[in-house]
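Me: I'm new to this one and would like to learn how to read it. Could you walk me through it?

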Amino acid sequence: MAVDEIPPQHQVFINYRGDELRKSFLGFLVKAMRDAKINVFTDEIEVKGTDLHNLFMRIEESRVAVAILSDRYTESSWCLDELAKMKERIDQEKLVVIPIFYRLDATNCKRLVGAFGDNFRDLERVHRSEPERIQKWKDALISIPQKIGFTMAGHRDESELVDSIVKEVTKVLIDISSKERDNISKDSTNTEGQSTKHQTQNNNISSFEPLMVELDRLPQRRPQVFVSFCKDELGDTFVSHLVWALRDSGINVFTESYKLRGREEQQEVFTNIEMLNIALIIFSKRYSVSDLCLNELVKMDKLAKEGKLVVIPVFYNVNKNEVRRLEGDFGIHFADTKERFAMEPLMIRSWEESLKSIITGRIGLSLETHINEFAFVAAIVRGVTRLVPNSKRRRKLGIGEVFFRALTATFLFALFIYPMPMPDVNFYKIGKEKMARSGVDETSESGAFVRTASTFRNFVSQDPDSLFPAESGRYHLYISYACPWACRCLSYLNIKGLEEAISFSSVHTIWGRTKETDDHRGWIFPDSDTELPGAEPDYLNGAKSVRELYETASPNYAGKYTVPILWDKKLKTVVNNESSEIIRMLNTEFNGFAKNQSLDLYPSHLRDTIDETNEWVFNGINNGVYKCGFARKQEPYNEAVNQLYEAVDRCEEILGKQRYICGNTFTEADIRLFVTLIRFDEVYAVHFKCNKKLLREYPNIFNYIKDIYQIQSMSSTVNMEHIKQHYYGSHPTLNPFGIIPHGPNIDYSSPHDRDRFNS
């Protein structure tokens, strides 16, 4: 990130020991500051090896610094160099430093004792050849901890500590702004000629005034969500962050963790639970230690069975099966609790029955499937937001908005703090650049077409406890007859006999304007059934464009608006938009509803061959035709067209020896290849300049296309009118007048010679 990309005015610099804090506390603190409109910069040095000089410049740009001192802080020479720089700025009266003693006794810091001091002495030995540098560290460690800082003392949990820090930083910024405004006012009376400059600065300063009004504003609302958890294990960390995130998202939360928990209060808790409509049960290793938690569980199970409560199980550092089977640490603690209450067998039986009932058949969320606690909290907030009824905040933001706000913070967290491998293509764009909204835009600086990855990658599963369980009538497939990727899925739907279990509809052939507020053109729905035979309006969601579907599922979505879309009618969201994954789901996960459930298009004995074939077919042919058609310079086009015909020649050779591409068994690989080949001579040869040789000139390939076309249910997936109208009518940069060629109108129902091979 360039130095001039972050405005220096009133910047807050955060200094911390990265690997100790980046997965939890720091992420929440950064998000809270950004939500409070504070311009915050975090030290990413230990993640990316940033030049220390650049970080010193960041400190010089900042007006406030937050130093998070922890036991392992003094392991890092970088942290101490930054601290020394901050002391230098303090001495110049150009920086205000707020120390945070994170799980650290402040006296240990000041006296260099305990682990904090031991780590410093280890570092001192490593750098013993740099006495001046070490002395600066010591001076900073003596000076900065003397200032009034924040500790966990006086705070119920980390979320309260975060709130206190944000409020203090805000007050300091307001104080700085006020002083600068006074100075400007004084200067303006003495120097009339500089009034314009002062007015500009004053405008910047006034942007902090609304923060004063927002301080201590805590709206009181009736609770909507109950959180059940083991306070001794989770109360001061994870749950406090979760409650803070839920409340920050406009969701009312009730938790008894801030009261003295005892039997005399159990009935009061039960009464509160009866007033709510959603419960989060945070299963952890020690949840089963508490008879109070288990009694809450029984109460929630009873209300859920009566249809009065929605229960969401959350698994924190414990496996779902351990809870269900009473195994592992959870099971050991449960056995201990049973022993303590051995004289109350009916109560024990109710615990066991409720545990089984709550876990079975419910969608749950697990920490082990998320990169860190911050992302896990975001996922929980998303799930709750979908379910909260009559929420003004929810109606304003739309389904999933809160999640994607949190996801944005998670991405920033990952980008600056927690290193993650990024895709080779330009998937995430920052600043003035925008992500490509259609394939036509996906070209690199070299002029080559570079396809970006699909973004919704959830899975439907036969497991009834999964987030998206296989159910008849629950899912809808949005396709375009023109799109080869979508027709992969339609082919599976037909050939597996899933038409009654999964509905589908097709969009209009020609891209149209998707929103009044911009000029984006993409997949739209026709206004009526009669406008275009084969396409129909979106009767399911009432959307006018595919873009609306993506923005319903994700209001902040910034990717391509593509088909296919596997849509969940129940949760009103996109499950998956990656065709290669959707067809795998259709192959196995819906077998309970399939007419041809014994048909396996990805058989175990051919999987290695299929995977290898898919790879070279995708690179050379499926994606190869697009690399030819969307290339914007001659050199990448030459490379793409040569690769394309090398793959075509390879197909011709293979198909001269066997009926299908992976042998004499019809498989997934044949469908993936077929959807491109069927469009080749009619469209790609002309529109995408793939004209070195027509496929009709390849006897094995041409007969192979006809063979697959004539398989029952496959021909209905090919609508050549839709195909030609879309390609020739939707890419004005390739065909500016939208003229559709008449030919060649190939008859793929004519006889073929593939019967010469055994099937």
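Reply: Let's go through the sheets and then the cysteines. This is a predicted model, where local features need pLDDT of at least 70, side-chain atom pairs count only at pLDDT 80 or more, and totals for chains, interfaces and linings use all residues. Residues are numbered from 1 along each chain as its sequence is written, and side-chain values use heavy atoms, with hydrogens and water left out.

Me: In what order do the four strands of the open sheet lie?

Reply: Generally, strands of a sheet pair through backbone hydrogen bonds, either parallel or antiparallel. Strands here are DSSP runs of E, at least two residues, and helices are runs of H or I, at least four residues, numbered from the N terminus. Two strands pair if DSSP finds at least two bridges between them. In this sheet the order is β2-β1-β3-β4, with parallel pairing. β2 (40-42) and β4 (96-101) sit at the edges with a single partner strand each, so one side of each has no neighbour in the sheet. From one strand to the next, the twist averages 20 degrees.

Me: How many bridges join β1 to β2?

Reply: Three bridges link β1 (residues 11-15) with β2; F13, for instance, has F41 in β2 as its bridge partner.

Me: Which strands does helix α2 touch?

Reply: Contact means heavy atoms within 4.5 Å. Helix α2 (residues 25-35) packs on the sheet and touches β1, β2 and β3 (62-69), its direction making about 175 degrees with that of β1. Helix α5 (residues 77-91) touches β1, β3 and β4, at about 140 degrees to β1. Those angles run from 0 to 180 degrees between N-to-C directions, with axes as lines fitted to C-alpha atoms, for helices over the stretch in contact.

Me: Are the two faces of β5 covered or open?

Reply: In a regular strand the side chains alternate between the two faces of the sheet. Buried means under 20% relative accessible area, exposed over 50%, partly exposed in between (1.4 Å probe, protein chains only). In β5 (residues 225-228), V225 and V227 on one side and F226 and S228 on the other are all buried, covering both faces. β5 pairs in the parallel sense with β7 (residues 278-283) over four bridges, where S228 partners I281.

Me: Why is C628 not bonded to C690?

Reply: A disulfide is a pair of cysteine sulfur atoms within 2.5 Å. The C628 sulfur is 4.1 Å from its closest cysteine sulfur, in C690, so that is too far for a bond. C628 is also buried, at 2% relative accessible area. The disulfide count comes to zero.
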